[in-house]
Amino acid sequence: MDLLLLDLVIVLAAARLFGALARRLGQPPVIGEIVAGILLGPTLLGPLIGDELFGPEMRPPLQALANVGLVLFMFVVGLELDQKLVRGKGRIAVTVALGSTVVPFVLGCVLALAVAGEHVGGDKTLPFVLFMGAAMAATAFPVLARILTDRGMQRITLGGLALASAAVIDVLAWTVLAVVVGIAGAGEAEGQWKVLLALPYALVMFLVVKPLLARLVPAYERAGRLTPGLLSLVLIGLIGSAWATEWMHVHFIFGAFVFGTVMPREGAERLNHEILERLEQLAVLLLLPMFFVVAGLNVNLRELDLSSLGTLAAILAVAIGGKVLGSYAAARTQRLPARQSWTLAALLNTRGLTEIVILTVGLQKGVLDDELYSLMVVMALVTTAMTGPLVRRLYPDRRVARDVADAERAALGVTAAHRVLVIVPEPPAEQAPLVGLATTLALSRSPSEVVLGHLRPYPAGRLEVGSGLSSELAELAETLQELETLAATARERGPDSRVVSRFSADVAGELPGLASGARPDLLVLPADVPGHAGVRDGATCRVVTVAGPGPGSPSESPSSPSSPFGQAVPGSGPGSAPGSVPGPVAVHHGPGGDAAAHVALTLATLQGRPLVLTGGNRASALAQRLVRLGVEATSGPVPEGALVVAADTANAPEGAHLLVRAEQDADPVDWAEAVSALRVPVAPVAPVARP
């Protein structure tokens, strides 16, 4: 007894210490708890100290405590499984879940057939092959939920889709595992007929036990709290359900999980919350860490040789490649953008808790030997540890914050306008082409608005007391009138438009603050505006820099209707303004030039101009793709008189009229969607502006 108590002290202290260290490193605590078990086992302590502390006589009581913790944990998982997650996302979630399950399952079975001769034999081959497939297909729903919650991603569409997909994967994985366990136990003396009771057991749980458990809600409401009697009933039912499935040679985890799923939901929020509070303290703080440490004690990395490393590499390749590629391909078939698809695939690659539970079942049932169990635990650690950093790389905090803000506005029923901010330099009366360009770009989305930002320098010279402000106020009124005239012109073409203008003692220093405060989706500014570099570098949105007046613009009249920036032939596109077409739009399309090509496509489509792409094979491929989408596009050299658009990089060609820098964390352009959006007629609207 003294050694058992000492083992408990060591296990709990190590679990807390390494769990806290893992959390400090941005990893789930389960990583640290499993590593603690590995270090306490034969891998680090060796046979002398390890056998003295955690010898064969101590493993059964430690395993018994760990199994009790596992019963409570699986009940909590079943109780917290939100069945509403799939609502509204059913088709996408099921498709992604199937891709995330079938591909790694098939690859896992193929790998199992390749290594079966070294690890199993005889009647264990079939359950071994199926078990390896199920283990490769697993996703840790609880760890995934924790990762999403830590980053606030459960509040955005992508997070909800990940949880919904993981919930479906959980159901598929546990179903397959139940079949595997049934097959593995079929050779036992009583296993052949007891396994057949699994289906009647499930029917009894959902048709009889579930309605009986619903009576807990009125009893709880009458008592006003979770009484010891009510909690005892729940625990008796939970342990009885776990015993029933274990007696049927279907592992006890299924009984605990099913009992959690049949607990009442309607009107039982407070009841379930109190049950979770009581059980999670015992399970999470004491018994569940015991389970993961005991799982680590069974890992012996000392016995691995070069052939084992080859097997480990194959396991990692199948587990990561199958899960990620299967999830990504399925997400793309549902037209999910590439960035979101990769992020979803990385999230579903999380294995952690669920994988360790599955592996422990396999070890207990004799489906896995010690070597393969150790290798699979290492795989579970690697795939879980890589999820957090990979998701941060694929979906940075800025994207999460932006999506959270959009979700909050959508919940309030507010439609955010696509905001285009144009920095209007002096004199405003001559900036009609600039505002026309911004208006045309705003028409690529609906609803949209154009914000005219203008800072007017304070008058030169010192203001004397008594001299009055009449001249300065007159100048400001005149400037506002000119800006309002430009805004009215923009409104006539469709988008809402407003003016932000004030005096400034330091135009170059204050323009970056004006730009960031407007929170635009697109920023248009002349290259010669004061403080251009500061405004451009401080913006996180897409930035279009007007580097020149454009071909064919009369130098004596920059606001001429023939300017190529803002005018088009009559009826050439939605929101078009009268005038003539000076020439085609040409774009240098190379690596990182999707944003520039999109701007060029917008101008060409909405102004009825031909589009010419230059830049070699990449430009030629995009031109052919756009032609298939019905766009008048060609590839070749820049024609004379063309409006030239290029990516705003160090390699930008000389003579480009518009330089385009993509927004931070930009998604690849979906060209089919972009072309379709530009063909939708744009009617004048009054969108609800974002705060």
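## A surface patch on helix α10

At 44% relative accessibility, Val-208 counts as partly exposed, and this residue is found in helix α10, which spans residues 198-213. The structure described here is a predicted model, and the accessibility of Val-208, like the other values in this report, is computed from that model.

Val-208 belongs to a nonpolar patch on the surface, which is formed by Leu-199, Leu-203, Val-204, Phe-206, Leu-207, Val-208 and Leu-212. Together these residues have about 690 Å² of accessible area. In soluble globular proteins, nonpolar side chains tend to be buried together.

## The chain as a whole

The secondary structure of the protein chain comes to 26 helices and 10 strands, and buried residues make up 53% of its 691 residues. The chain exposes about 30,000 Å², of which carbon and sulfur atoms supply 62%.

When contacts between residues at least 6 apart in sequence are considered, 77% of them join residues that are at least 24 apart.

## Nonpolar cores

The largest nonpolar core has 135 residues, and those with the most contacts inside it are Phe-75, Phe-128 and Ile-253. Apart from this core lies another, of 50 residues, which includes Ala-442, Ala-487, Val-499 and Ala-596.

For Phe-128, the contacts can be listed once its neighbours within four places in sequence are left aside: the residue is then in contact with Ala-112, Val-115, Ala-116 and Val-120, and also with Val-367, Leu-368 and Leu-372.

## Helix α16, enclosed by the structure

Helix α16 covers residues 338-348, and because 10 of its 11 residues are buried, the helix is largely enclosed by the rest of the structure. The buried residues of α16 are Ala-338, Arg-339, Gln-340, Ser-341, Thr-343, Leu-344, Ala-345, Ala-346, Leu-347 and Leu-348, a list in which polar residues such as Gln-340 and Ser-341 stand beside nonpolar ones such as Leu-347 and Leu-348.

## Salt bridges between distant parts of the chain

The count of salt bridges comes to 10. One of them joins Arg-419 and Glu-449, whose closest N and O atoms are 2.6 Å apart; this pair links distant parts of the chain, with Arg-419 in strand β1 (residues 418-423) and Glu-449 in strand β2 (residues 448-457), 30 residues apart. Both partners are on the buried side of the 20% cut-off, since Arg-419 has a relative accessible area of 2% and Glu-449 has a relative accessibility of 1%. Arg-419 and Glu-449 are also linked with Arg-498 in a network of salt bridges.

A salt bridge of 3.4 Å, N to O, is made by the side chains of Glu-426 and Arg-456, and this pair too links distant parts of the chain, with Glu-426 in the loop between β1 and α20 and Arg-456 in strand β2, 30 residues apart. Here Glu-426 is partly exposed at 37% relative accessibility, whereas Arg-456 is buried, with a relative accessible area of 16%. In another salt bridge, the side chains of Asp-594 and Arg-618 meet at 3.9 Å, N to O; Asp-594 lies in helix α24 (residues 594-606) and Arg-618 in helix α25 (residues 617-628), 24 residues apart in the chain. Arg-618 counts as partly exposed, at 39% relative accessibility.

## Two buried serines

Ser-504 has its place in strand β3, which runs over residues 496-504, and the residue is buried, with a relative accessible area of 2%. Its side chain reaches the backbone nitrogen of Val-507 at 3.4 Å. With neighbours within four places in sequence left aside, Ser-504 is in contact with Leu-455, Arg-456, Pro-457, Tyr-458 and Glu-510, and among these Arg-456 is the residue that meets Glu-426 in a salt bridge.

Ser-308 lies in helix α15, residues 306-333, and is likewise buried, with a relative accessible area of 1%. The side chain of Ser-308 makes a polar contact with the side chain of Glu-371, at 2.4 Å. Beyond its neighbours within four places in sequence, Ser-308 is in contact with Glu-371 and Leu-375.

Definitions and conventions: Residues numbered from 1 in each chain as written. Predicted model: local features only at pLDDT ≥ 70, side-chain atom pairs only at ≥ 80, totals over all residues. Heavy atoms only, no water. Buried < 20%, exposed > 50% of the residue type's maximum accessible area, 1.4 Å probe, protein only. Helix = DSSP H or I, 4+ residues; strand = E, 2+ residues; numbered from the N terminus. Core = buried A, V, L, I, M, F, W, Y, C linked by side-chain atoms within 4.5 Å. Contact = heavy atoms within 4.5 Å. Patch = residues over 30% accessible without salt bridge, like charges linked within 9 Å, V, L, I, M, F, W, Y side chains within 5 Å. Areas by Shrake-Rupley, 256 points an atom, 1.4 Å probe, with all protein chains shown as cover. Salt bridge = Lys/Arg side-chain N within 4 Å of Asp/Glu carboxyl O. Polar contact = N/O pair within 3.5 Å; in protein donor to acceptor, adjacent residues only side chain to side chain.
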